[in-house]
Amino acid sequence: MAVAAVLGVVAGTCTGFVVQAHREPTALPPLSQPVVKQAKGEVEPLSAAQDRHVKVNGDLRKLLLKKPKGAREPDFAAGVDGWMDIAEYADLYEKPQNAFGNLATDEFRRAAVTDWLVGSTYSVEIVLTQFRQERGLTAADYTSNQQGFAGDEDDTDSWAVPGTGDGWAYVHNRPDTKPGYLPLYSAEAMATRGDIAMTVWVYDTRPIPKKKIMDLAKRQMERL
């Protein structure tokens, strides 16, 4: 009886295959879809106000703050015609050789710089450093590292720069002193906008107020 039952199941399955094989195949839905007509005319490209890449991929120097009235260019201005290549940028560091390698690893693209002198002691330097960012958010990483060094200096006050996301300003209360020279106070600010890292330095023979470095940092970030 058990063998008969098994043979009955097998026979029923075979019969089902035979019946299915003799049926007409079910038609599949067509692969083609309705054709959508192409729109006529050309699409107007986004303006610089609508597309940030139009702005930052152009002349980066145009995004730098303008020199204030009465300011003049220092005798030893940074860069050439407002640009700094990777070698010139590395020379800003105490160890240029190490800095050069780090900038290359971070996919340094270019840097625009402006600096000015007011009176005989007050000076400002602003650098916009752009990175390729093909492998990561290197601009933000660069800014974070710079902020770490600035915040580690002794007798330093720091504040977040409103409206910038990651921006911070630092005032170093202890001046740099050398025999035969006036004491030199400094302040700095760093922030990131997309693939651009902004750095602002201020120097004076007198203590630099918070308001001065914060104002420069906010106005420069607004231009970005």
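1. Buried means under 20% relative accessible area. Glu-107 has 7%, so Glu-107 counts as buried. This glutamate sits in the loop between H4 and E2. Its phi is near 65°, a positive value in a residue other than glycine. Most residues other than glycine have a negative phi. Keep in mind throughout that this is a predicted model.

2. Now set a second residue beside Glu-107. Asp-81 also has a positive phi, of about 55°, although it is not a glycine. Asp-81 lies in the loop between helix H2 (52-56) and E1. Is Asp-81 buried or exposed? Exposed means over 50%. Asp-81 has a relative accessible area of 62%, so it is exposed.

3. Next, the sheet. There are 7 strands in an open sheet, and the pairing is antiparallel. Read across, the order is E1-E2-E3-E7-E6-E5-E4. Which strands stand at the edges? They are E1 (83-84) and E4. Each has a single partner strand, so one side of each has no neighbour in the sheet.

4. Look at the E4 end in detail. Strand E4 (residues 156-160) pairs with E5 in the antiparallel sense, over 5 bridges. Thr-156 faces His-172 of E5 across this pairing. Asp-157 stands opposite Val-171. On to the next pair: E5 and E6 run antiparallel and are joined by 6 bridges. There, Tyr-170 stands opposite Glu-188 of E6.

5. Val-171 deserves its own point. This valine belongs to strand E5 (residues 168-176). Its relative accessibility is 5%, so Val-171 counts as buried. Beyond its neighbours within four places in sequence, Val-171 is in contact with ten named residues' worth of chain, including Asp-157, Trp-159, Ala-187, Ile-208 and Ile-213. The C-alpha atoms of Val-171 and Ser-158 are 6.4 Å apart, and the two residues are 13 places apart along the chain.

6. Where do the nonpolar residues gather? In soluble globular proteins, nonpolar side chains tend to be buried together. The largest nonpolar core here has 30 residues. Those with the most contacts inside it are Leu-128, Met-198, Val-200, Val-202, Ile-213 and Leu-216. Strands E2 (108-118), E3 (122-131), E5, E6 (184-193) and E7 (196-204) each supply at least two residues, and so does helix H6 (210-223). The largest share, 5 residues, comes from H6.

7. Leu-128 shows how this core reaches along the sequence. Not counting residues up to four places away, Leu-128 touches Leu-60, Leu-63 and Leu-64, among others. Its contacts also include Ala-111, Met-198 and Leu-224. Apart from this core lies another, of 15 residues. Among its members are Leu-103, Phe-108, Phe-131 and Tyr-142.

8. Helix H5 allows a quick check. H5 covers residues 138-152, which makes 15 residues. How far should H5 span at 1.5 Å a residue? The expected span is 21 Å, and the end C-alpha atoms are 21 Å apart, which agrees. Buried residues in H5 are Thr-138, Ala-139, Tyr-142, Thr-143, Gln-146, Gln-147 and Ala-150. An α-helix has 3.6 residues a turn, so residues three or four places apart point the same way. Compare that rule with the numbering of the buried set.

9. Then the pocket. The largest pocket holds about 1900 Å³ of space. It is lined by 46 residues. Which of them are the closest to its centre? They are Leu-92, Glu-94, Glu-153, Trp-201 and Tyr-203. Helices H4 (96-105) and H5 each supply at least two lining residues. Strands E2, E3, E5, E6 and E7 do too.

10. Ser-123 touches two of those central pocket residues, Trp-201 and Tyr-203. Its other contacts, leaving out residues up to four places away in sequence, include Trp-116, Leu-117 and Val-202. Ser-123 lies in strand E3. With a relative accessible area of 18%, Ser-123 is buried.

11. Last, a residue with an in-between value. Arg-223 has its place in helix H6. Its relative accessible area is 30%, so Arg-223 is partly exposed. Arg-223 and Lys-62 are 161 residues apart in sequence. In space, C-alpha to C-alpha, they are 9.2 Å apart.

Definitions and conventions: Residues numbered from 1 in each chain as written. Predicted model: local features only at pLDDT ≥ 70, side-chain atom pairs only at ≥ 80, totals over all residues. Heavy atoms only, no water. Helix = DSSP H or I, 4+ residues; strand = E, 2+ residues; numbered from the N terminus. Expected span 1.5 Å × (residues − 1). Buried < 20%, exposed > 50% of the residue type's maximum accessible area, 1.4 Å probe, protein only. Contact = heavy atoms within 4.5 Å. Core = buried A, V, L, I, M, F, W, Y, C linked by side-chain atoms within 4.5 Å. Pairing = 2+ DSSP bridges. 1 Å grid on protein atoms, 1.4 Å probe; cavity = no way out; pocket = protein on both sides within 12 Å on 5 of 7 lines; lining within 4 Å. Points joined across faces, edges and corners; volume = space filled by probe spheres on them.
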